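Open the model in your viewer and keep the selection box handy. This tour says what to pick next and what to look for there.

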Amino acid sequence: MGILEVKNVGKRFGGLQALGDVNLSVAENSVHAIIGPNGAGKSTLLNCLVGKLIPDTGSVSFDGQSVLGRKPYEINQMGISRVFQTPEIFGDLSVLENMMIPCFAKRDGAFELNGISSVSSQKDILERAEHMLEDMNMADKRHMTASSMSRGDKRRLEIGMCLSQEPRLLLLDEPTAGMARADTNNTIDLLKQISEERDITIAIIEHDMHVVFSLAERITVLAQGTPLVEDTPDNIKGHPKVREAYLGETQTAA
Amino acid sequence: MFGLTKKDTTLLIIVAVLAIFAPFILNPFPEGSAMAQFNAGYPDLMQRLVIFGIFAIGFNILFGLTGYLSFGHAAFLGVGSYAAIWMMKLLTMNVIPAIMISVIVAGLFSLLVGWISLRRSGIYFSILTLAFAQMSYSLAYSVLTPITGGETGLQPKVDDPRILDGALQSGQTPRANLFGLEMGTSYEMVVGNWVFTFNAGYYIAAIVMLLAFYLSIRIFRSPFGMMLRAVKSNQQRLNYTGLNSKPYTLAAFVISGMYAGLAGGLLVAMDTQVGAERMFWTASGEVVLMTILGGAGTLIGPVLGAGFIKYMENIVSKINKSILEQWFAFMPDGMEDFFITIVYPFIGKGWHLTLGLMFMMVVIFLPGGLVQGGQKIAGLFRGKKASDDAADGKTTPAE
């Protein structure tokens, strides 16, 4: 039984069957990649996991509890953090403030009316945020306005924000999309380091085969809304069905 | 000091000093001189300056921090005013219960309006708040006449019950007071040609404004204030970070509604009458102008904006043609007429034109409002140091 169990999930948008009958089990503390050509339903599946969409059929459970019908913030409080395709950070706030907000969410829950004490008096939060910035090698950028950083740094910050909540499952939606090669490799190294050093499960949706084969322990191939095959990276590489669905991309990337 | 950083304490002290010495600062010209009409140091105007300052400080907590643009805050000001005047009719002419009830009633009303309006964001939120305010205004004028006095409005009458006050002696009229100190009490100090007026009502309003300003600094610097800025910056990230943005925005809405109620209560304390026009949509628009003109999202901006607009409203609108003729009397006849014709549309009833042009200039050239203008000027003098200030990200106004 995996930490994340997706059973018979289907989702239809009007006439389009985005997800057919998806079954997926993500083992605890593994790195699991979901790949597939454009329009395979990867993002729809991810949105069903985090509460943005509610599937028409089937069930999604995290650590034995159903996530269906819960709001995104409730699912996050259960221990699932999400990294977006384009980095979603608080652009107007400083890097340190960006890092403090998830720390507050972790300590105080979904809502806390603390309008009188000053932020600088919250020593435990500050310490935690500073520590996390050091882990991410961003301590020198703490007073920068977040939106002024490079895309790679924004991604790094976003991942750091997610990690500061000590989630049990980290969901990444094409984390290297639109990145330069150097930034992509940095992100791969960062994610490798995270999965080695922490008790964390990582589920990653990715287009870039280089990223997938560098990171994943298990790979699920999605095509036209249904899982084609699930196996280890080595077996996936040579799988005839995958080659058929993915022809061209595998040859150039692998 | 007071749990504030050195910079914020300095700001609070500056505002306090300005408020205390306002009767001098606003009366720079001697009585009877040609410039005397620019003097703003009379009680009625000074009271309005600080009361609308409170209104704008509260509005800024919602708009400046969360970015939610309410177009109906005058409704809370109006509801607060009606609550206060009923306190004066039923209970006592002492202003304390009146002001307290105005805050409570405005808070409850804003809880209802906010709970419904915050289901939407952006332009739809603005329209919903506008709809609520206009409904309140129409109701106050029509079906709610028994409570609001309709077109005539409300004022304390001699034969109101006022169960806490003793009976009035014959010929005595009910006057707002603070434990016997009447709001209208003034002390005039004559120095040479200058007359400075120290008014009890003004100083009470100024103390309340300083408290309101202090509280807003605390909110800005608190974790709650940081969450509100996070709502403005990226609500999606906030929700995916395990925080529920709804109660945060609702709390900000209610707090700013209570500030508006406080301002409404104080208006009644200073001038004991209420009419429904106080809730008209232009009044809601005015507080938006004040906040943006001064600098939304900055601490001092809304106070400056409120002061600026109320000053213009009262001073520029009082300049008339004969005053213009006095000013331009030194010119040859043809030129005098020419200048009077040019300037005339901008004064008197045309003061809105002046205000509108200034608002456009500020929005186009200083999107951060008067505060940004001040920072730019300070930056010219201090050179490099200004860029350090901007980097801390807190005093920098958001667009």
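Two strands pair if DSSP finds at least two bridges between them. Helices (H or I, at least four residues) and strands (E, at least two) are DSSP runs, numbered from the N terminus. This is a predicted model: local features need pLDDT of at least 70, side-chain atom pairs count only at pLDDT 80 or more, and totals for chains, interfaces and linings use all residues. Residues are numbered from 1 along each chain as its sequence is written, while chains are lettered from A and ligands numbered from 1 in the order in which they are written.

**Stop 1: a hairpin in chain A**

Select residues 218-223 and 226-231 of chain A. These are strands β9 and β10, which run antiparallel and are joined by five bridges. Find L222(A): P227(A) in β10(A) stands opposite.

Now pick Q224(A), in the loop between β9 and β10 of chain A. The hairpin has two residues between its strands. Which sign does phi of Q224(A) take? It is positive, about 50°, although Q224(A) is not a glycine. Most residues other than glycine have a negative phi.

For burial, count other C-beta atoms, placed from the backbone, within 10 Å of a residue's own: 20 or more is buried, 12 or fewer is exposed, and in between is partly exposed. Q224(A) has 15 such neighbours, so it counts as partly exposed.

**Stop 2: a second positive phi**

Select D63(A). This residue is in the loop between β4 (57-62) and β5 (65-66) of chain A. Its phi is near 55°, again a positive value in a residue other than glycine. D63(A) is partly exposed because 16 other C-beta atoms lie within 10 Å.

**Stop 3: the open sheet**

Stay in chain A and show four strands. They form an open sheet in the order β2-β1-β4-β5, with antiparallel pairing. Its edge strands are β2 (16-26) and β5 of chain A, each pairing on one side only. Helix α1 (residues 42-50) of chain A packs on this sheet and touches β1, β2 and β4 of chain A. Contact here means C-beta atoms, placed from the backbone, within 7 Å. The direction of α1 makes about 65° with that of β2(A). Axes are lines fitted to C-alpha atoms, for helices over the stretch in contact, and angles run from 0 to 180 degrees between N-to-C directions.

Next, highlight β1 (residues 4-13) of chain A. Five bridges join this strand to β4(A), and the two run antiparallel. L4(A) stands opposite F62(A) in β4(A).

**Stop 4: a covered strand**

Select residues 201-205 of chain A. This is strand β8, and five of its five residues are buried. Turn the view to check both faces. T201(A), A203(A) and I205(A) are buried on one side, and I202(A) and I204(A) on the other. In a regular strand the side chains alternate between the two faces of the sheet.

Add β3 (residues 31-35) of chain A, which pairs with β8(A) in the parallel sense over four bridges. I34(A) stands opposite I205(A). Then add β7 (residues 169-173) of chain A, also parallel to β8(A), with five bridges. Here L170(A) has I202(A) as its bridge partner.

**Stop 5: where the chains meet**

Show both chains. The contact takes 32 residues from chain A and 28 residues from chain B. On the chain A side, α2 (72-78) and α3 (95-108) each supply at least two residues. The largest share, five residues, comes from α3(A).

**Stop 6: a helix in the core of chain B**

Select residues 245-270 of chain B, helix α11. At 1.5 Å times one less than its number of residues, its 26 residues should span 38 Å; its end C-alpha atoms are 38 Å apart, which agrees. Of these 26 residues, 23 are buried.

A nonpolar core is a set of buried Ala, Val, Leu, Ile, Met, Phe, Trp, Tyr and Cys residues joined through C-beta atoms within 7 Å. The largest has 181 residues, and I54(B), F55(B), A263(B) and L266(B) have the most contacts inside it. The largest share of this core, 16 residues, comes from α11(B).

**Stop 7: a loop residue**

Finish at V316(B), in the loop between α13 (301-315) and α14 (321-327) of chain B. Is V316(B) buried or partly exposed? V316(B) is partly exposed, with 19 other C-beta atoms within 10 Å. Leaving aside neighbours within four places in sequence, V316(B) is in contact with I347(B), W351(B) and T354(B).

Key. Two residues are in contact if their C-beta atoms, placed from the backbone, lie within 7 Å.
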